[in-house]
Amino acid sequence: GLVKTAEDFGTQGELPSHPDLLDWLAVEFRESGWDVKSLVRKILLSSTYRQGSEMTPELIELDPRNRLLARSTRRRLPAEMVRDNALAIAGLLDRDRQVGGPSVRPYQPVGLWKEKAIFGGGGSIYTPESGKNLYRRGLYTFWKRSVPYPSFVVFDAPTREVCTAQREVTNTPLQAFVTLNEKTYIEAARNFAQRILLNGGESESSRLDFAYRVALSRTPSDEEKNILTGVYRKAFDAYRDDKESATKLISIGESSRDKSLEPSEFAAWTAVANVILNLDETITKE
């Protein structure tokens, strides 16, 4: 931001890096009739905001903290968007409903509310919903302040007990544990795998090209293809010898699966899809 300490505009806060620009934006905001959408659109479409995050030795020496805004800043997606992004790549995200509506209850660990409940009764029972409610944007996830939605907390979502102007951003092994194992992400991976098999062509190379275009908006390098081809073949060999485990994996979650797809191949591509969904590049704004 133009003011680094967005949570503190008092005497202890940092001065704006570009005061003239801040004044100009303030005047534009006022003269637009206090049109928030217009202001946000103006910022998002600016060449400064749309820069890449590539760094050069010269920039690191001149402006290590990027206060001159010569580049973008790499930043992991917020907790809700990490989940939304996985669901969107998988083709599961509910895009039909308009903004607004009641909260929804997606999957979460069984018995968590009961374990944390101070009192018994209905307040200690969490029942996941079904259908499209499982795939609404994270913004609509039901929030119990004494037991926040666990995967969001792992990705630094605030507890909402107090106002938070600026979220902390951490990187911990627990985050990878969530995106590699939590039910929502496994279901997203197997639906992404289904998209790859149905729309990515017949060869391993064309399928990887398709997967990267969907998830990362680019094609994979030869090295990336070699690594993921190895992941696929190793997983396929394992699931070919254990059809029960393959079927169990591709049945996780409520969404339906295409039963015409061979289970071992489907499960192997689910493993590949899971790797792609867990790439740093997938969950990081660059």
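**Helix H10 and the nonpolar core**

On one side of H10, opposite the side that holds its buried residues, Asp 222, Glu 223, Asn 226, Ile 227 and Lys 234 are exposed. The model examined here is a predicted one. In this model H10 comprises 19 residues and reaches 26 Å from its first C-alpha to its last, a span close to the 27 Å expected at 1.5 Å a residue. The buried residues of H10 are Lys 225, Leu 228, Thr 229, Tyr 232, Ala 235 and Tyr 239. These residues lie on the same side of H10 because they cover an arc of only 135° around the axis. The buried residues of H10 pack against H9, H11 and H12.

The largest nonpolar core contains 53 residues, of which Phe 192, Ile 196, Trp 269, Val 272 and Ile 276 touch the most other members. At least two residues of this core are supplied by each of helix H4 (79-90), helix H5 (112-116), helix H8 (183-199), helix H9 (204-216), helix H10 (222-240), helix H11 (243-249) and helix H12 (263-277). When neighbours within four places in sequence are left aside, Ile 276 is in contact with Phe 192, Ala 211, Tyr 212, Ala 215, Leu 228 and Thr 282; among these partners, Leu 228 is also one of the buried residues of H10.

A further position considered is Thr 172, which lies in the loop between helix H6 (150-154) and helix H7 (173-181). Thr 172 counts as partly exposed because its relative accessibility is 32%, a value that falls between the limits of 20% for buried and 50% for exposed residues. The C-alpha atoms of Thr 172 and Leu 249 are separated by 26 Å, the two residues being 77 residues apart along the chain.

Key. Residues are numbered from 1 along each chain as its sequence is written. This is a predicted model: local features need pLDDT of at least 70, side-chain atom pairs count only at pLDDT 80 or more; totals for chains, interfaces and linings use all residues. Side-chain values use heavy atoms; hydrogens and water are left out. A nonpolar core is a set of buried Ala, Val, Leu, Ile, Met, Phe, Trp, Tyr and Cys residues joined through side-chain atoms within 4.5 Å. Buried means under 20% relative accessible area, exposed over 50%, partly exposed in between (1.4 Å probe, protein chains only). Helices (H or I, at least four residues) and strands (E, at least two) are DSSP runs, numbered from the N terminus. Contact means heavy atoms within 4.5 Å. The expected span of a helix is 1.5 Å times one less than its number of residues. The arc is that of the directions from the helix axis to the C-beta atoms.
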